[in-house]
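These are my notebook entries on a set of residues and one helix pair that I looked up. The entries follow the order in which I worked.

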Amino acid sequence: MVVVVSPPPPIGAVSNLRLSSQTLPFFFKISKERELKKTWRGRRRHSLMLLRAAAATKPVVEDGVLSYNGKDALTGIPDNVVATPSSNSSYLFLGATSAHTSSRHLFKLGLIQDARLLCLFRFKIWWSIPRVGNSASDIPIETQMLLVEAKPDFDDASKSYFLFLPLLDGDFRCSLQGNSAHELLVCVESGDPAVVASESLKAVFVNYGNNPFDLMKESMKILENHSGTFAVRETKQMPGMLDWFGWCTWDAFYQDVNPQGIKDGLKSLSLGGTPARFLIIDDGWQNTTNEFQNEGEAFVEGSQFGARLVSIEENNKFQKTQNEAVSEAPSGLKEFVSDIKRTFGLKYVYVWHALMGYWGGLHPDAPGTKKYNPKLKFPLQSPGNLAHKRDIAMDSMEKYGVGVIDPAKISDFYDDLHRYLVSQNVDGVKVDVQNILETVATGSGGRVSLTRHFQQALEKSMAANFQDNSIICCMGQSTDSIYNSKRSAITRASDDYYPRDPTTQTLHIAAVAYNSIFFGEVVVPDWDMFYSQHSAAEFHAVARAVGGCGVYVSDKPGQHNFKILRRLVLPDGSVLRAKYAGRPSRDCLFDDPVMDGRRYNYLSTIFSFFLLLINYSLCFHVNFCIVQNKSS
């Protein structure tokens with residue numbers, strides 16, 4: 001018999017999108033704008049009416065079954081499962097109790113069978129991808145969002161959905177998984193053997209509705225109020241760089257980035273009529289040391305992730321020393337940034353750094369970093385992460401260790417680093433390697449507590465030093481980070497763009513689009529950079545055009561496809577951006593966009609009265625059409 005506890009009291013435009021006359025000649029010939037606007041508003045009112053009707057649908061937990069309107073969400077619920085319904089809405093919390101205390105529990109919640117479902121799960125420690133299936137046995141370990149299509153009644157033609165969101169419950173982080181018996185399980189773990197509990201009463205949020213997108217939006221607003229630890233996207237300040245075309249140095253140079261190469265790249269983009277107004281100086285500008293890679297010896301793959309930061313200042317490529325009077329290096333980062341802003345009309349210059357300073361953290365004994373009291377720790381991954389794909393960066397950090405900044409000093413580190421960057425005319429930062437915290441949380445209160453502490457310190461420093469909420473978060477697709485994001489407004493929503501791997505191009509697009517269903521309610525999903533001169537360039541360009549995201553490339557200097565770029569970038573360097581994140585349309589939610597060879601639709605709000613729909617197949621063929629809001 002399921003325990004049901006008493007319910008708690010009630011819980012209290014267009015930005016842009018570049019559409020050229022070549023791409024959408026009809027875009028500027030809309031003759032029924034008012035009619036479309038009226039249709040949109042009518043459908044929106046209908047959608048809200050359905051949502052309110054769903055909100056009036058109370059969950060019923062009886063005889064081991066959780067149901068809404070007679071439709072079963074879970075059956076065979078074990079006796080140790082605890083359900084906490086809301087007092088006046090369709091949502092509830094599920095949790096469970098155990099006879100023993102532990103830092104990691106695996107609780108069975110019930111059965112899901114013969115129902116179409118969509119999972120967003122971490123297939124690497126850093127990144128999430130979608131998976132579809134028909135029972136709980138298809139739910140992978142480390143699932144962070146589960147959407148299930150309710151079985152329709154015989155006389156019910158409309159569709160409805162169950163949403164399961166594993167949460168942060170106190171010092172424990174929860175995730176979903178299934179087993180071969182079609183049982184849904186929740187994993188509850190602290191990441192620190194010293195942080196233990198025997199129960200988690202609010203491990204999973206469950207809600208029900210008729211529109212999956214509205215269901216997600218309203219659910220995240222409920223959780224925002226419930227947790228108080230994160231904010232939804234629409235309440236956050238949007239960084240100005242989102243509205244300008246950008247260039248990132250990573251795939252152009254990797255760690256060999258240098259001042260002259262940056263100037264060459266900016267110049268070639270300007271000469272082609274698509275000037276970059278936003279620049280990310282990626283990995284390669286910092287002052288680091290690598291004891292695992294000796295100069296003159298053959299490169300050791302993975303050793304780069306053992307390098308450690310020795311100073312918050314730039315390295316010698318960007319800073320001329322007293323002994324280098326004839327060097328071509330600028331006198332310092334400030335001179336270089338000021339020069340390229342003046343010469344190329346840049347509005348925003350960001351630089352890259354890792355959450356822990358660098359991949360391998362801070363050097364414990366370097367004069368420039370020992371004030372932050374870094375300690376060498378060897379990361380430990382959770383069983384959930386180890387069940388999926390290995391990652392060379394994580395494997396290398398496990399091997400070489402990470403110089404973890406003292407949590408008591410992390411605010412000082414971020415404030416010193418960011419204040420220095422502002423003094424060098426830098427406008428913002430891309431903060432990478434964020435999920436590392438969950439692997440070094442032993443002895444620090446656990447993964448949830450440590451992540452929250454670092455996230456608060458980071459966002460406090462951003463608010464104090466930068467004026468534009470100028471941060472792009474990266475490698476942070478864990479709910480530890482997402483549910484602690486109060487101010488950060490942009491997060492990478494996919495694994496890296498790999499220009500030399502043709503097999504990853506479709507998965508990259510599909511991953512961002514499906515991840516945006518969840519992440520897009522908390523942040524602007526960042527689609528990463530791409531090459532404009534590439535076999536899949538147009539495919540990526542279309543996705544960025546409707547992604548509601550920043551648009552930036554990582555072309556090598558002089559290697560550009562301006563036919564594509566001019567369809568994305570206005571002559572002044574600005575871009576048109578969709579109001580919301582690009583997501584799969586409703587009819588595609590439970591299909592596999594990568595493996596089944598069909599064409600798929602992606603939906604993106606351009607204006608408040610009509611939508612843009614992209615239809616694509618695996619061969620990168622793309623069509624555009626404007627549709628009414630019948631599939632959202």
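Entry 1, E183. In this predicted model, I listed the contacts of E183 beyond its neighbours within four places in sequence and found K108, G110, L111, A136, Q177 and G178. I placed E183 in strand β14, which covers residues 183–189. One of the contacts is also polar: the side chain of E183 meets the side chain of K108 at 3.4 Å. I then asked whether E183 counts as buried or exposed. Its relative accessibility is 19%, and the cut-off for buried is under 20%, so E183 counts as buried.

Entry 2, S200. I found S200 in strand β15, residues 197–209. The relative accessible area of S200 is 3%, so I recorded this serine as buried. Setting aside residues up to four places away in sequence, I noted that S200 touches G95, A96, D169, C174 and V188. With D169 there is a polar contact between the side chains, at 2.6 Å. I also looked up the pair S200 and T97: 103 residues separate them in sequence, while their C-alpha atoms are 6.5 Å apart in space.

Entry 3, D480. I located D480 in helix α10, which runs over residues 479–482. D480 has 2% relative accessibility and therefore counts as buried. Which side chain joins that of D480 in a polar contact of 2.4 Å? I found that it is the side chain of S478. Not counting residues up to four places away in sequence, D480 touches L168, R173, E438, R447, V448 and T451.

Entry 4, cysteines. How many disulfides does a search of the whole structure find? I obtained zero. C248 accordingly appears in no disulfide, and the nearest cysteine sulfur to it, that of C474, lies 9.5 Å away. A disulfide would need the two sulfur atoms within 2.5 Å. I noted C248 as buried, with a relative accessible area of 0%. C588 also counts as buried, at 3% relative accessibility.

Entry 5, backbone angles. I recalled that most residues other than glycine have a negative phi. I then noted E142, which is not a glycine and yet has a positive phi of about 70°. E142 sits in the loop between β9 (128–133) and β10 (143–149). With a relative accessibility of 1%, E142 counts as buried. I made a further note on Y254, a non-glycine residue with a positive phi of about 55°. Y254 belongs to the loop between α3 (250–253) and α4 (259–271). At 23% relative accessibility, I recorded Y254 as partly exposed.

Entry 6, a helix pair. Two packed helices are described by the angle between their axes and by the distance between those axes. For helix α11 (residues 505–519) and helix α12 (residues 537–545), I noted an angle of about 10° and axes 10 Å apart. Angles under 35 degrees count as roughly parallel, so I described α11 and α12 as roughly parallel to each other. Which residues of α11 meet α12? I listed Q505, T506, H508 and I509 on the α11 side, and F539, H540, A543 and R544 on the α12 side. I sorted the residues of this contact into three nonpolar, four polar and one charged.

Technical notes. Residues are numbered from 1 along each chain as its sequence is written. This is a predicted model: local features need pLDDT of at least 70, side-chain atom pairs count only at pLDDT 80 or more; totals for chains, interfaces and linings use all residues. Side-chain values use heavy atoms; hydrogens and water are left out. Axes are lines fitted to C-alpha atoms, for helices over the stretch in contact, and angles run from 0 to 180 degrees between N-to-C directions. Helices (H or I, at least four residues) and strands (E, at least two) are DSSP runs, numbered from the N terminus. Angles under 35 degrees count as roughly parallel, over 145 as roughly antiparallel, 65 to 115 as roughly perpendicular and the rest as oblique. Contact means heavy atoms within 4.5 Å. Ala, Val, Leu, Ile, Met, Phe, Trp, Tyr, Cys and Pro count as nonpolar, Asp, Glu, Lys and Arg as charged, and the others, Gly among them, as polar. Buried means under 20% relative accessible area, exposed over 50%, partly exposed in between (1.4 Å probe, protein chains only). A polar contact is a pair of N or O atoms within 3.5 Å; within protein, one must be able to donate a hydrogen and the other to accept it, and residues adjacent in sequence count only if both atoms are side-chain atoms.
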